[in-house]
Amino acid sequence: MENLDNIDLQILKHLQENSNINTKELASKLFLTVTPVYERIKRLEREGYIMKYVALLDKKKLNLGMTVFCNVRLKEHTKNVGSNFVKDIVALPEIIECYNIAGDYDFMLKILVEDMSSYQDFVMNKLSTIENIGNTQSIFVMGEIKYSTELSF
């Protein structure tokens, strides 16, 4: 972050709020001209501060109203087993996030499905087919209190 000045940080904050904002609007908010703002955005993209632009979708409208966190413990802890597990997890579209964690479990998965029946089908026909899973624990979200994609800096 040492390469970023206050204007860069303001650009990132505005883009987090609305990545669809055009350069002219953004320049106006920053009291700058279009060209330097455009050049700064391109530099931030090139240097990896901006990874990509996305649209945030309403999961309930897309029939993905059930969020489940599933903790997974592997039977073995070899490099090959871990690599194969990650490869298999990445291939499952229901899993939208996967974290390697410390503690009683090895991984935490965030899974979106339509309902309990869909989750049961996912566990029985997809998750259970992955080799070397020793134990799982499912945690069902009853209500979403806070959801944000914005980073604070």
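**Exercise 1. The hairpin.** In the hairpin of strand 2 and strand 3, find how many residues lie between the strands and which of them takes a positive phi.

*Solution.* Start with the loop: six residues sit between strand 2 and strand 3, and Gly 103 has a positive phi near 125 degrees. Keep in mind as you work that this is a predicted model. Next, look at the two arms of the hairpin. Strand 2 (residues 95-100) pairs with strand 3 in the antiparallel sense, over five bridges. Two pairs are handy landmarks on screen: Glu 97 has Lys 110 as its bridge partner in strand 3, and Tyr 99 has Met 108.

**Exercise 2. The sheet.** Work out the order in which the four strands form the open sheet, and which strands stand at the edges.

*Solution.* Begin from strand 3 and turn to its pairing with strand 1 (residues 66-74). Seven bridges join these two, and they run antiparallel. To check the register, locate Met 66, which stands opposite Val 113 in strand 3. Now put the whole sheet together: the order is 2-3-1-4, with antiparallel pairing. Strand 2 and strand 4 (133-140) each have a single partner strand, so they are the edges, and one side of each lacks a neighbour in the sheet. Direction ignored, neighbouring strands of this sheet are turned by 20 degrees against each other on average.

**Exercise 3. Cover on the sheet.** Decide whether strand 3 (residues 107-113) is mostly covered or mostly open, and name the helix that lies across strand 1, strand 2, strand 3 and strand 4.

*Solution.* Take the strand residue by residue, counting as buried any with under 20% relative accessible area. Six of the seven residues in strand 3 are buried, so the strand is mostly covered. Then find the helix: helix 4 (residues 79-90) lies across the four strands, and it runs at about 165 degrees to strand 1.

**Exercise 4. Two packed helices.** Describe how helix 1 (residues 6-17) and helix 2 (residues 23-30) pack: at what angle, and how far apart are their axes?

*Solution.* First, the geometry. The helices pack at an angle of about 130 degrees, and their axes are 11 Å apart. That angle makes helix 1 oblique to helix 2. Their crossing is right-handed. Second, the contact itself. From helix 1 come Gln 10, Ile 11, His 14 and Leu 15, which meet Leu 26, Lys 29 and Leu 30 of helix 2. Finally, sort these contact residues by character: four are nonpolar, two polar and one charged.

Terms used: Residues are numbered from 1 along each chain as its sequence is written. This is a predicted model: local features need pLDDT of at least 70, side-chain atom pairs count only at pLDDT 80 or more; totals for chains, interfaces and linings use all residues. Side-chain values use heavy atoms; hydrogens and water are left out. Axes are lines fitted to C-alpha atoms, for helices over the stretch in contact, and angles run from 0 to 180 degrees between N-to-C directions. Angles under 35 degrees count as roughly parallel, over 145 as roughly antiparallel, 65 to 115 as roughly perpendicular and the rest as oblique. A crossing is left-handed if the near helix is turned anticlockwise from the far one by less than a right angle, and right-handed if clockwise. Contact means heavy atoms within 4.5 Å. Ala, Val, Leu, Ile, Met, Phe, Trp, Tyr, Cys and Pro count as nonpolar, Asp, Glu, Lys and Arg as charged, and the others, Gly among them, as polar. Buried means under 20% relative accessible area, exposed over 50%, partly exposed in between (1.4 Å probe, protein chains only). Two strands pair if DSSP finds at least two bridges between them.
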